[in-house]
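Please walk me through this model in the viewer, one selection at a time. Tell me what to pick and what is found there.

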Amino acid sequence: MRGLNPPEVSGVAGVGDAPPLVSVCVPTLHEEQQIASLLDHLAGLDGSFEVIVVDGGSRDATAQLARDDPSRPRVVVQAGGRAAQLNRAAASATGEILVFLHADSRLPPDAHATLTTAWSDPELVGGNFTLRFDGADRFSRLLGVIYGLQRRLGYYYGDSTLWVRQSTFAALGGFRELPIMDDYDFVRRLERLPGATAALPGPATTSSRRWQAIGIGRTLLSWWVIRWLYVAGVPAPRLARLYRAVR
């Protein structure tokens, strides 16, 4: 894992090179309270983005709100879980860089410039963003500290906004369609590739709402114990049952 300094916007991609198109892939399920705010946020960022919202079959207005949004994201529907959604989004993406963003997460204002800096370094294959949990409370700050420590050890998940070159995603075969740990499985395979990964500066932010609901003890259980059981070879369907019990 390599750290990356904040970028200089000019000259990062080389003389005469156009900046890369960044495809932001957003999986949704029952996110009508978040989707409009997220699309407004993405529309306000500097740089060249395309946004792909892939809905998992929401029974609320998520998909329709996305279709009606003035930013005109591409909206597709894909059943079968989050990994299937992300693979569908990536298949329809045209950008050189793929970014996998949760509906309750937000990119930093200079995300495109930072991603362009990473893209211009051929040794970098992907990674994530430095993560901050929203809220000024002690719980959110503690989560951020713990997550940062995990990242230094090479452990990170989809809530820290994964990014990868389109060619690298294809080489990995995308996300494995697991009922749980699909993001961590992808990260483990990414980290094994030749080259380096980077935690890009920002930070990106994500909601601490679901972790606050279960408390710090169960949060750490879901982050650490379930991860190590997965590494030890416990089947993903069994871990999914344990995760539901923890939550």
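Select Arg189 and Asp185 to begin: both residues are buried. Their side chains meet in a salt bridge, with N to O at 3.1 Å. The two residues sit 4 residues apart in helix 7, so about one helical turn separates them. This is a predicted model, and every distance given here is computed from it.

Keep Asp185 selected and add Arg176. These two side chains also meet in a salt bridge, again 3.1 Å from N to O. The partners differ in exposure: Asp185 is buried at a relative accessible area of 3%, whereas Arg176 is partly exposed at 44%.

Next, select Arg82 and Asp182. They form a salt bridge in which the closest N and O atoms are 3.0 Å apart. Arg82 belongs to helix 3 (residues 82-92) and Asp182 to helix 7, so the pair ties together parts that are 100 residues apart in sequence. Arg82 is partly exposed, with a relative accessible area of 30%, while Asp182 counts as buried at 3%. In the whole structure there are 5 salt bridges.

Move one residue along to Asp183, which lies in helix 7 (residues 182-192). Is Asp183 buried or exposed? Asp183 is buried, because its relative accessible area of 8% falls under the 20% cut-off. Show its surroundings, leaving out residues up to four places away in sequence, and you will find that Asp183 touches Arg82, Tyr157, Gly158, Leu162 and Phe175.

For a contrast, go to Val145 in helix 5 (residues 138-152). Val145 is exposed, with a relative accessible area of 51%. Add Phe133 and draw a C-alpha to C-alpha distance: Val145 and Phe133 are 9.7 Å apart in space and 12 residues apart in sequence.

Finally, clear the selection and show the whole chain. It has 9 helices and 9 strands. The radius of gyration is 17 Å, close to the 18 Å that the globule rule gives for 247 residues, so the chain is as compact as a globular protein of that length. The C-alpha trace spans about 55 × 40 × 40 Å along its principal axes. Of the 247 residues, 52% are buried. Among contacts with a separation of 6 or more, 79% are between residues 24 or more positions apart.

Switch to a surface view to end. The chain exposes about 11300 Å², of which carbon and sulfur atoms supply 54%. Colour by charge: the mean positions of the 26 positive and 24 negative charges are 10 Å apart.

Key
Residues numbered from 1 in each chain as written. Predicted model: local features only at pLDDT ≥ 70, side-chain atom pairs only at ≥ 80, totals over all residues. Heavy atoms only, no water. Buried < 20%, exposed > 50% of the residue type's maximum accessible area, 1.4 Å probe, protein only. Contact = heavy atoms within 4.5 Å. Rg over C-alpha atoms; globule rule 2.2 N^0.38 Å. Areas by Shrake-Rupley, 256 points an atom, 1.4 Å probe, with all protein chains shown as cover. Lys, Arg positive; Asp, Glu negative; His and termini not counted. Charge placed at Lys NZ, Arg CZ, Asp CG, Glu CD. Salt bridge = Lys/Arg side-chain N within 4 Å of Asp/Glu carboxyl O.
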